[in-house]
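Trainee: Please choose one part of this model and examine it closely. I should like to understand how that part is set into its surroundings.

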Amino acid sequence: MRPSLSSSSSTNRVATVLLVEDEPVLLKEIVRLVDAHSGLRVHGVATTLDEARAQLFDAYDLLFTDKRLPDGSGIELIRELNSTDHQKKTLMMTVFEDERSVLEALHAGADGYFVKQDPNLIDAMCAVLSDGNPISPSVTRHFLKRLRSTGRRQVALTNREQETLQALAEGLKYHQIADQLAVSRHTVPDYIKSLYRKLGVHDRSSAVYVGIEQGLITVRDAQPSGGQPDC
């Protein structure tokens, strides 16, 4: 297990990441990518649930975990974090075909969902750290047809609420949503409150979860817009 790294002494705060991945080659590459980014730094790594639990409540900013681990599921780590009052962000990773894990991870409270084949790992991390909720478009396209064929009655949304939900799913922050909808930044929270009320949820991740489940979110071929994520 790699020892924790100390925080940067720079005036610009560096976000620290706990990496949980059992494949050595992939883990080494993720460590390289994170450490190569000026706004990120590896706090520590783990290859099993037990190793991750030993660091789970350390002082870091982002938990990045694989779903499948030798001694269980990374979703357990997300649930354990979300059972406490913490400020950490969480990003789940798994394989393209594992569609059930997407909903399971979001329901557990994951802030984002990343597919191993998706090359934009650092963008996903930065989006989560900037209060976004990235979900790889490739995996969403894979299972939306099945979810939409369940025949479940959809929630009736206004055009603005629909656009707001789409923006939330793409990981945009409030000011980016305001720019995209051409409205005041102070108006966006009102749209979101109305959206949450109709969906019966209280946070962004749950809204995205329900939106995917009911087929309310449009999956775009391109990556989410909004410029380079803050990190």
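Mentor: Let us take helix 5, in which Leu121, Ile122, Ala124, Met125, Cys126, Ala127 and Val128 are buried (under 20% relative accessible area with a 1.4 Å probe on protein chains only, where exposed is over 50% and partly exposed lies in between). The model is predicted, so local features need pLDDT of at least 70 and side-chain atom pairs count only at pLDDT 80 or more, whereas totals for chains, interfaces and linings use all residues. Residues are numbered from 1 along each chain as its sequence is written, and side-chain values use heavy atoms, with hydrogens and water left out.

Helices (H or I, at least four residues) and strands (E, at least two) are DSSP runs numbered from the N terminus. Helix 5 is mostly covered, with seven of its nine residues buried. These buried residues pack against strand 1 (15–20), helix 1, strand 2 (40–46), strand 3 (62–66), strand 6 (89–94) and strand 7 (112–115), where contact means heavy atoms within 4.5 Å.

Consider the helical neighbour before the strands. Helix 1 (residues 24–36) and helix 5 (residues 121–129) have axes 10 Å apart and pack at an angle of about 60°. Axes are lines fitted to C-alpha atoms, for helices over the stretch in contact, and angles run from 0 to 180 degrees between N-to-C directions. The two helices are therefore oblique to each other, since angles under 35 degrees count as roughly parallel, over 145 as roughly antiparallel, 65 to 115 as roughly perpendicular and the rest as oblique. Ile30, Leu33 and Val34 of helix 1 make the contact with Leu121, Ile122 and Met125 of helix 5. By class, this contact has six nonpolar residues, no polar and no charged ones; Ala, Val, Leu, Ile, Met, Phe, Trp, Tyr, Cys and Pro count as nonpolar, Asp, Glu, Lys and Arg as charged, and the others, Gly among them, as polar.

The strands come next. Five strands form an open sheet in the order 2-1-3-6-7, with parallel pairing; two strands pair if DSSP finds at least two bridges between them. Strand 2 and strand 7 are the edge strands, each pairing on one side only. From one strand to the next, the twist averages 25°. Helix 1 packs on this sheet, touching strand 1, strand 2, strand 3 and strand 6, and its direction makes about 155° with that of strand 2. Helix 5 lies across strand 1, strand 2, strand 3, strand 6 and strand 7, and runs at about 150° to strand 6.

The strands can also be followed individually. Strand 1 and strand 2 pair in the parallel sense over six bridges, and Arg41 in strand 2 is the bridge partner of Thr16. Six of the seven residues of strand 2 are buried, so strand 2 is largely enclosed by the rest of the structure. Strand 1 also runs parallel to strand 3, to which four bridges join it; here Leu18 stands opposite Leu63 in strand 3. Strand 6 contains Thr94, which counts as buried at 1% relative accessibility. Apart from neighbours within four places in sequence, Thr94 is in contact with Asp66, Lys67, Ser101, Tyr113, Phe114, Val115 and Lys116.

Finally, consider what follows the helix. Most residues other than glycine have a negative phi. Asp131, which follows helix 5, has a positive phi, near 70°.
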